[in-house]
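Dear colleague,

Please find below the structure that I am handing over to you, together with its sequence. I would be grateful if you could keep it open while reading the notes that follow it.

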Amino acid sequence: MEAVRRLGSEKPVVIFSKSNCCISHAIRMLLCSFGANPTVYELDQHPKGREIENALLALGCHPSVPAVFIGKLFVGGSNEVMSLNIQGKLKPLLIEAKAIWM
């Protein structure tokens, strides 16, 4: 679990994904549409992908991907990211994390 938190805090926006997950791709495109440049870890291509996926499940991320960290904080999965966007809270969160500039 510590490795997930460390990876999630290394950059302003981190997405744990799988290369064949269309929802992960959609969340990545949403974040990019704001001008963010997320760091993406494709668990199906990562040497410790299975361990990371188990840690994400332990964090409460069901399904395990996408799992999004913004500003070193675990935001959640696609539902949480979409909810933040609908509420108008995603952009301010990205600004606060210095993932985008306005």
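The notes below go from the chain as a whole to single residues.

Please bear in mind throughout that this is a predicted model.

**The chain as a whole**

The secondary structure consists of five helices and four strands. Read from the N terminus, the order of the elements is α-β-α-β-α-β-β-α-α. Along its principal axes, the C-alpha trace extends over about 35 × 25 × 20 Å. For 102 residues, a compact globule would be expected to have a radius of gyration near 13 Å, and the 12 Å of this chain agrees with that.

Of the 102 residues, 39% are buried. Among the contacts with a separation of 6 or more, 62% are between residues 24 or more positions apart. The exposed surface of the chain comes to about 5800 Å², of which carbon and sulfur atoms supply 54%. As regards charge, there are 11 positive and 8 negative charges, and their mean positions lie 6 Å apart.

**The loop between helix 3 and strand 3**

Two cis peptide bonds deserve your attention when you inspect the backbone. One of them runs from His62 to Pro63, with omega near 0°. Pro63 is placed in the loop between helix 3 and strand 3, the latter covering residues 67-70. The other joins Val65 and Pro66, with omega at about -5°, and Pro66 is likewise placed in the loop between helix 3 and strand 3.

**Glu53 and Ser24**

Two residues with polar side chains have contacts that lead back to these parts of the chain. Glu53 belongs to helix 3, which covers residues 49-59. Is Glu53 buried or exposed? Its relative accessible area is 10%, and the limit for a buried residue is 20%, so Glu53 counts as buried. What does the side chain of Glu53 make a polar contact with? The partner is the side chain of Ser64, at 2.8 Å. When neighbours within four places in sequence are left aside, Glu53 is in contact with Lys18, Leu43 and Ser64.

Ser24 is part of helix 2, which comprises residues 22-33. With a relative accessibility of 2%, Ser24 is buried. Its side chain forms a polar contact with the side chain of Ser17, at 3.4 Å. Apart from residues up to four places away in sequence, Ser24 touches Ser17, Lys18, Val65 and Pro66. Lys18 is thus among the contacts of Ser24 and also among those of Glu53. Val65 and Pro66, both touched by Ser24, are the two residues joined by the cis bond with omega of about -5°.

**Two lysines with positive phi**

Lys72 has a phi near 70°, a positive value in a residue other than glycine. Lys72 sits in the loop between strand 3 and strand 4, where strand 4 covers residues 73-76. The relative accessible area of Lys72 is 58%; the threshold for an exposed residue is 50%, and Lys72 is therefore classed as exposed.

Lys98 also has a positive phi, of about 60°, although Lys98 is not a glycine. Lys98 lies in the segment after helix 5, the helix of residues 90-96. At 59% relative accessibility, Lys98 counts as exposed.

**Ala99 and Ser9**

Ala99 is found in the segment after helix 5 as well. With 8% relative accessibility, Ala99 counts as buried. Which residues does Ala99 touch, not counting those up to four places away in sequence? They are Pro12, Val13, Gly35, Ala36 and Leu94. In the case of Ala36, the pair is separated by 63 residues in sequence and by 5.4 Å in space, C-alpha to C-alpha.

Ser9 gives a further pair from separate parts of the sequence. Ser9 is in helix 1, which covers residues 2-9, and is partly exposed, with a relative accessible area of 26%. Ser9 and Asn85 are 76 residues apart along the chain, and their C-alpha atoms are separated by 21 Å.

With kind regards

Terms used. Residues numbered from 1 in each chain as written. Predicted model: local features only at pLDDT ≥ 70, side-chain atom pairs only at ≥ 80, totals over all residues. Heavy atoms only, no water. Buried < 20%, exposed > 50% of the residue type's maximum accessible area, 1.4 Å probe, protein only. Polar contact = N/O pair within 3.5 Å; in protein donor to acceptor, adjacent residues only side chain to side chain. Contact = heavy atoms within 4.5 Å. Rg over C-alpha atoms; globule rule 2.2 N^0.38 Å. Areas by Shrake-Rupley, 256 points an atom, 1.4 Å probe, with all protein chains shown as cover. Lys, Arg positive; Asp, Glu negative; His and termini not counted. Charge placed at Lys NZ, Arg CZ, Asp CG, Glu CD.
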